[in-house]
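I opened a fresh page today for a structure that was new to me. These are my notes, kept short and in the order I looked things up.

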Amino acid sequence: SNETQSAAFDDFRNNRLIIADRLAADHYGAGAVIPRYGDANNPIPAETDPNYKVYVANQGYPIGYTKSNQAVLLPAFLAAYSGGNASSSSTDIFRSFPIPNWSIKYNGLMRYKFFKDKFKRFSLQNNYRASYTINQFRSNFDFTEKPGGQDVNTNFFNKTIMSNINLVEQFSPLIRMDFELKSSLRVLTEIKKDRALSMSFDNNLLTEVKGMEYVVGLGYRFKDVIFSSRLADSPTGIIKSDINLKADFSYRNNQTLVRYLDYDNNQLAAGQNIWSLKLTADYAFSKNLTAIFYYDHSFSKAVISTSFPLTNIRSGFTLRYNFGN
């Protein structure tokens, strides 16, 4: 999907009529003729009628279940963005089964001779995290006090009123390959992908925040590097330890898209392209004292012209002392 089109958002729009028909069939009863806005028995009223705009905007929808009805929007949204079928998916606002999350790490390739001969370790990893949140929901007293009643937009009163819902998905990582060669060269590559959707029922506005990140990391260990220092544990004053070098380069693209249900007007509201380079080197002077050099360089450029590029640089030394044996 992009700022001009989205297959999932188009499905969301199309799902509304399917969900509305299902809810109307349950409300009016099996086999009943479902009244619809603008049909022969319920023609579009005169322009001076207060319901004129409702009938025009929802022509063909079952009466009582307009395209802006929360009971219609929520199942249509979940079916579109979870890959479900609007004809059979649940119309309940609360999920009866939790969203699956997983973390998979595979290092079984080290059983094969080729990998044993070339690598000290080799692993593949995939993580998925998802959450579904309903914000500010409350019971609708009109639902019990006025059974079958309708609000100012001719929608039947819903049992629960919501403000907005959030659907968040994270592949962190989508794929990660981490290995170390026999020569002590370490390589890490990974791809991260995430998406956060916020559907507001106050103005029928969908905000989509999505990100894609690519990371390449290199590391090398210089073994048994010798220094002469008073910090040495041995009486000879000789320090013999490894220098661990690590460099990570990453590129991340963030975009915030605003999509309007009531009319065709998708907007790219915000976003950034972020490049980052992180360098570290550490050396253990003793079993308790470690010196670390670090250098972080990041550059970000906004995808819209109203923001300026930004560069951040951090560098320095850190001494870390561990108390204890």
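My entries below go from the sheet to the cores, then to the rings and a few single residues.

**Entry 1: before starting**

I remind myself that this is a predicted model.

**Entry 2: the sheet**

I began with the strands and asked in what order they form the sheet. I found nine strands in an open sheet, running β1-β2-β5-β6-β7-β8-β9-β10-β11, with antiparallel pairing. Next I looked for the edges, and there I met β1 and β11, the latter spanning residues 310-321. Each has a single partner strand, so one side of each is left without a neighbour in the sheet. I also looked up how neighbouring strands are turned against each other: the average is 10 degrees, with direction ignored.

**Entry 3: walking from β8 to β11**

I followed the later strands pair by pair. Strand β8 (residues 238-260) is joined to β9 (residues 267-284) by 16 bridges, and the two run antiparallel. I picked R252 as an example and found its bridge partner in β9 to be I274.

From β9 I moved on to β10 (residues 289-302), where I noted 13 bridges, again antiparallel. A hairpin of four residues makes the connection between β9 and β10. Here A281 stands opposite F293 of β10.

I kept hold of F293 for one more step, since I wanted its partner in β11, and that turned out to be F317. Between β10 and β11 I noted 12 bridges, and this pair is antiparallel as well.

**Entry 4: a helix across the sheet**

Which strands does α3 lie across? I wrote down β2, β5, β6 and β7, with α3 running at about 160 degrees to β6.

**Entry 5: the nonpolar cores**

I kept one general thought in mind: in soluble globular proteins, nonpolar side chains tend to be buried together. The largest nonpolar core here has 36 residues. Those with the most contacts inside it are F12, L74, F77, Y81, I165 and M199.

I then asked which elements supply at least two residues each. My list reads α1 (7-28), α2 (52-57), α3, β2 (119-135), β5 and β6 (185-200). Of these, α3 gives the most, with nine residues.

I took a closer look at F77. Leaving out residues up to four places away in sequence, F77 touches F12, I165, L167, L197, M199 and L206.

There is also a second, separate core of six residues, and M110, F115, F122 and F179 are among them.

**Entry 6: the rings**

How many aromatic pairs does the structure hold? I noted 23. One of them is F119 with F122, an edge-to-face pair with 5.1 Å from centre to centre and 70 degrees between the planes. I checked whether these two are buried or exposed. F119 has 11% relative accessibility and F122 has 8%; both count as buried because the limit is under 20%.

Both rings belong to a cluster, in which ring pairs link F114, F115, F119, F122 and F179.

One more ring caught my eye, that of F9. The charged end of R259 sits over this ring, 5.9 Å from its centre.

**Entry 7: backbone details**

I looked up a peptide bond next: the one from S172 to P173 is cis, with omega near 10 degrees. P173 has its place in strand β5, residues 164-181.

Then I turned to positive phi values in residues other than glycine. T154 has phi near 70 degrees. T154 lies in the loop between α5 (141-145) and β4 (160-161), and its relative accessible area of 10% makes it buried. D224 has phi near 55 degrees. D224 is found in strand β7 (residues 205-228) and, at 46% relative accessibility, is partly exposed.

**Entry 8: one loop residue**

My final stop was S88, in the loop between α3 (70-81) and β1 (102-106). Is S88 buried or exposed? With 57% relative accessibility, S88 counts as exposed. I also noted that S88 and R22 are 66 residues apart in sequence but 9.2 Å apart in space, C-alpha to C-alpha.

Notes: Residues are numbered from 1 along each chain as its sequence is written. This is a predicted model: local features need pLDDT of at least 70, side-chain atom pairs count only at pLDDT 80 or more; totals for chains, interfaces and linings use all residues. Side-chain values use heavy atoms; hydrogens and water are left out. Rings of Phe, Tyr and Trp (its six-membered ring) pair if their centres lie within 6.5 Å; planes under 30 degrees apart count as stacked, over 60 as edge-to-face and the rest as tilted. Buried means under 20% relative accessible area, exposed over 50%, partly exposed in between (1.4 Å probe, protein chains only). A charge sits over a ring if NZ of Lys or CZ of Arg is within 6 Å of the ring centre and within 35 degrees of the ring normal. A nonpolar core is a set of buried Ala, Val, Leu, Ile, Met, Phe, Trp, Tyr and Cys residues joined through side-chain atoms within 4.5 Å. Contact means heavy atoms within 4.5 Å. Two strands pair if DSSP finds at least two bridges between them. Axes are lines fitted to C-alpha atoms, for helices over the stretch in contact, and angles run from 0 to 180 degrees between N-to-C directions.
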